[in-house]
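Let's take a friendly walk through this structure, going from one helix to the residues packed around it and then on to a buried charge. Please keep the viewer open as you read.

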Amino acid sequence: MSIRNLNQPESGKDESKLSEIVTTANEEDGLSEPLSFRSSLAKVMNSFSDCVNENLVAVRYGTYSTVVLLGAYSLSQTPLFFHYRTLQQIPLSFIRRRKILNCRLVQAHPSNTNCLKCYVRHLSPMETLLSRAQFETWTQFDPSRITSENEKTDLLCLHLFGVRNCDEFSNTNYIQSLAHKRTFVRCQLLFTNEKFAIARLYIYSFNRFMFIPHKVDLGAELVKMGQVRFDNTPMPLLGKSANLCTNGQKEKQSDIRYFNHLSKSEHDAILHSRGMWKSPELRNIESELVEKVEWERKAKWYQKLWKRVWQ
């Protein structure tokens with residue numbers, strides 16, 4: 001046998017073994033050829049499959065959590081959880097038609113312009129179902145704080161319609177206690193501008209003998225308690241950018257009836273010396289109004305009729 005024949009492999013098996021030995025030696029020396037894109041992708045997929053199989057429980061619960069979080073976020077963007085954060089978001093049709101907004105009273109205090117300023121938070125349809133404790137818990141997780149000093153607040157600034165504050169004699173303890181309790185109120189917007197709105201506020205109260213709630217006008221209740229004064233200014237000055245309700249005949253008649261109701265409430269407070277009307281100083285300042293109320297209480301029916309005819 002020649003030397004040439006001795007160096008050649010005897011069979012195909014010997015050739016494959018030799019190639020495997022050479023390939024292994026090249027890989028150990030870092031001389032292997034670069035893998036193709038398909039081979040690299042297959043290697044990555046195999047590694048990913050092995051990782052998933054090793055952490056199957058974590059991957060399963062991670063998938064469930066992702067689906068639940070995405071579903072909760074999608075549900076939070078529906079109208080069930082939507083509420084107005086600023087006055088500019090409220091449609092003009094709500095003001096023109098004098099629609100009612102469900103809110104919670106958060107803060108109340110007199111302003112520098114002798115108006116009674118109230119801060120309310122508009123409630124979404126789901127938030128109307130929450131109790132006071134649940135509402136406070138819900139707002140703790142909300143990114144916006146319910147404080148009027150915060151620039152990112154969700155509170156709407158409202159001025160109570162038809163009433164004014166007297167710095168020396170007014171007492172707003174009642175409405176402040178309602179704000180402390182986060183009382184549920186219904187707001188009827190009449191006028192709005194960029195900073196505040198003029199509105200009527202209604203609360204629900206239970207009768208002592210009947211457990212059916214009835215609607216109470218908050219402004220008239222404060223006037224009747226003698227904590228604020230009746231203000232018969234028909235049209236607030238809100239500037240050129242104000243959004244006013246339609247001044248139709250129906251709205252004017254409603255405002256006239258409301259002013260008459262406030263006037264009667266103030267006369268009742270004067271007659272029974274409630275709140276600020278206990279002060280002799282205020283009664284001396286408003287002596288004409290006090291005399292008018294006293295005359296209406298003491299006058300006979302024919303005297304009232306005679307006065308009404310000649311007036």
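**From a helix to a buried arginine**

This is a predicted model, and helix H9 is a good place to begin. Helix H9 covers residues 249-271, and at 1.5 Å a residue its 23 residues should span 33 Å; the C-alpha atoms at its ends are 33 Å apart, so the expected span and the model agree. Many positions along H9 are buried, including Glu 251, Asp 255, Tyr 258, Phe 259, Leu 262, Ser 265, Glu 266, His 267, Ala 269 and Ile 270.

What does Val 223 touch, leaving aside its neighbours within four places in sequence? Its contacts are Val 163, Val 228, Arg 229, Phe 230, Leu 262, Ser 265, Glu 266 and Ala 269. Leu 262, Ser 265, Glu 266 and Ala 269 were met above as buried residues of H9. Val 223 itself sits in helix H8, residues 218-224. Val 223 counts as buried because its relative accessibility is 0%. Another link across the chain can be seen here: the C-alpha atoms of Val 223 and Gly 162 are 9.6 Å from each other, although 61 residues separate them along the chain.

Now follow H9 to its end. Just after the helix comes Ser 273, with a positive phi of about 55 degrees. Most residues other than glycine have a negative phi. Ser 273 belongs to the loop between H9 and helix H10 (280-285). Is Ser 273 buried or partly exposed? Its relative accessible area is 27%, so Ser 273 counts as partly exposed.

Arg 182 also has a positive phi near 55 degrees, and it too is a residue other than glycine. Arg 182 is found in the loop that runs between helix H7 (173-180) and strand E5 (184-192). With a relative accessible area of 17%, Arg 182 falls under the 20% cut-off and is therefore buried.

Arg 182 leads us to another arginine, since it is one of the residues that Arg 104 touches. Arg 104 is part of strand E1, residues 100-110. Beyond four places in sequence, its contacts also include Tyr 119, Val 120, Arg 121, Leu 130, Phe 135 and Phe 184. Which side chain of opposite charge is nearest to Arg 104? That is Glu 127, 7.8 Å away, and Arg 104 is buried yet has no salt bridge. The side chain of Arg 104 does reach the backbone oxygen of Leu 130, at 2.8 Å.

Glu 127 has a polar partner of its own: its side chain makes a polar contact with the side chain of Arg 121 at 3.0 Å. Glu 127 lies in the loop between strand E2 (116-122) and helix H6 (132-141). Its relative accessible area is 3%, so Glu 127 is buried. Setting aside residues up to four places away in sequence, Glu 127 touches Arg 121, His 122 and Trp 138.

Val 120, a contact of Arg 104, takes us into the nonpolar interior. The largest nonpolar core has 45 residues, and Val 120 is listed with Ile 90, Leu 105, Leu 158, Ile 175 and Leu 189 as having the most contacts inside it. Apart from this core lies another, of 9 residues, among them Leu 282, Leu 289, Val 290 and Val 293.

Note on methods: Residues are numbered from 1 along each chain as its sequence is written. This is a predicted model: local features need pLDDT of at least 70, side-chain atom pairs count only at pLDDT 80 or more; totals for chains, interfaces and linings use all residues. Side-chain values use heavy atoms; hydrogens and water are left out. Helices (H or I, at least four residues) and strands (E, at least two) are DSSP runs, numbered from the N terminus. The expected span of a helix is 1.5 Å times one less than its number of residues. Buried means under 20% relative accessible area, exposed over 50%, partly exposed in between (1.4 Å probe, protein chains only). Lys and Arg count as positive and Asp and Glu as negative; His and the chain ends are not counted. A salt bridge is a side-chain nitrogen of Lys or Arg within 4 Å of a carboxyl oxygen of Asp or Glu. A polar contact is a pair of N or O atoms within 3.5 Å; within protein, one must be able to donate a hydrogen and the other to accept it, and residues adjacent in sequence count only if both atoms are side-chain atoms. Contact means heavy atoms within 4.5 Å. A nonpolar core is a set of buried Ala, Val, Leu, Ile, Met, Phe, Trp, Tyr and Cys residues joined through side-chain atoms within 4.5 Å.
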